[in-house]
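This report introduces a single protein chain to a reader who has not met it before. The sequence and the structure are shown first, and the description follows.

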Amino acid sequence: MSELTKQRCEACSKDAPKVTSDEKQTLLKDVPDWKVVETDGEEQLHKVFKLKNFAQALAFTNKVGDLAEAEDHHPAILLEYGKVTVSWWTHAIGGLHKNDFIMAAKTDAAYQNL
């Protein structure tokens, strides 16, 4: 399990720095199944989680929601039958911050603990 799961998100302001290219490559090693995608000009971490049915997908969605509330950092979540798509990015800076990688690692841990 990634060491990122033990870290907490820090409060971000609009002038917080985005991760550098080098930082991004290092952090991606801790969340290897996540993809960096660009949506509306902003980089996001994106991953699709497969589950057995809608009930499991909903339960996982709720776990991710609980994590988001605990850290006060919120993703975009698409809930479908047997599938949940999660996207993390820092809205205040319009891109990726270390917080997003922390939350991606915590999301992976929640999925492993279903």
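In this predicted model, strand E1 (residues 35-39) and strand E2 (residues 42-50) run antiparallel and are joined by five bridges. One of the residues involved is Glu38, whose bridge partner in E2 is Glu43. Two residues lie between the strands of this hairpin, and Asp40 adopts a positive phi near 50 degrees there.

A second antiparallel pair is formed by strand E3 (residues 76-80) and strand E4 (residues 83-88), with five bridges between them. Here Ala76 has Ser87 as its bridge partner in E4. The hairpin of E3 and E4 has two residues between its strands, and Gly82 in the turn has a positive phi of about 70 degrees.

The table sets out the two hairpins.

| Strands | Bridges | Bridge partners | Residue with positive phi |
|---|---|---|---|
| E1 (residues 35-39) and E2 (residues 42-50) | five bridges | Glu38 and Glu43 | Asp40, near 50 degrees |
| E3 (residues 76-80) and E4 (residues 83-88) | five bridges | Ala76 and Ser87 | Gly82, about 70 degrees |

These strands belong to a chain with three helices and four strands in its secondary structure. Read from the N terminus, the order of the elements is α-β-β-α-β-β-α. The radius of gyration of the chain is 13 Å, close to the 13 Å given by the globule rule for 114 residues, so the chain is as compact as a globular protein of that length. Along the principal axes, the C-alpha atoms fill a box of roughly 40 × 30 × 25 Å.

Of the contacts between residues at least 6 apart in sequence, 68% join residues at least 24 apart. Buried residues account for 43% of the 114 residues. The chain exposes about 6,500 Å², of which carbon and sulfur atoms supply 49%. As for charge, the chain has 14 positive and 18 negative charges, and their mean positions are 6 Å apart.

One residue may be examined individually. Lys24 is located in helix H1 (residues 21-28). Is Lys24 buried or exposed? Its relative accessibility is 11%, and Lys24 therefore counts as buried, since buried means under 20%. Leaving aside residues up to four places away in sequence, Lys24 touches Val19, Val36, Glu43, Leu96 and Phe101. Among these, Glu43 is also the bridge partner of Glu38 in the first hairpin described above. From C-alpha to C-alpha, Lys24 and Glu3 are 15 Å apart in space, with a separation of 21 residues in sequence.

Notes:
Residues are numbered from 1 along each chain as its sequence is written. This is a predicted model: local features need pLDDT of at least 70, side-chain atom pairs count only at pLDDT 80 or more; totals for chains, interfaces and linings use all residues. Side-chain values use heavy atoms; hydrogens and water are left out. The radius of gyration is taken over C-alpha atoms; the globule rule is 2.2 Å times the number of residues to the power 0.38. Buried means under 20% relative accessible area, exposed over 50%, partly exposed in between (1.4 Å probe, protein chains only). Contact means heavy atoms within 4.5 Å. Accessible areas come from the Shrake-Rupley method with a 1.4 Å probe; for residues, only the protein chains shown count as cover. Lys and Arg count as positive and Asp and Glu as negative; His and the chain ends are not counted. The place of a charge is taken as NZ of Lys, CZ of Arg, CG of Asp or CD of Glu. Two strands pair if DSSP finds at least two bridges between them.
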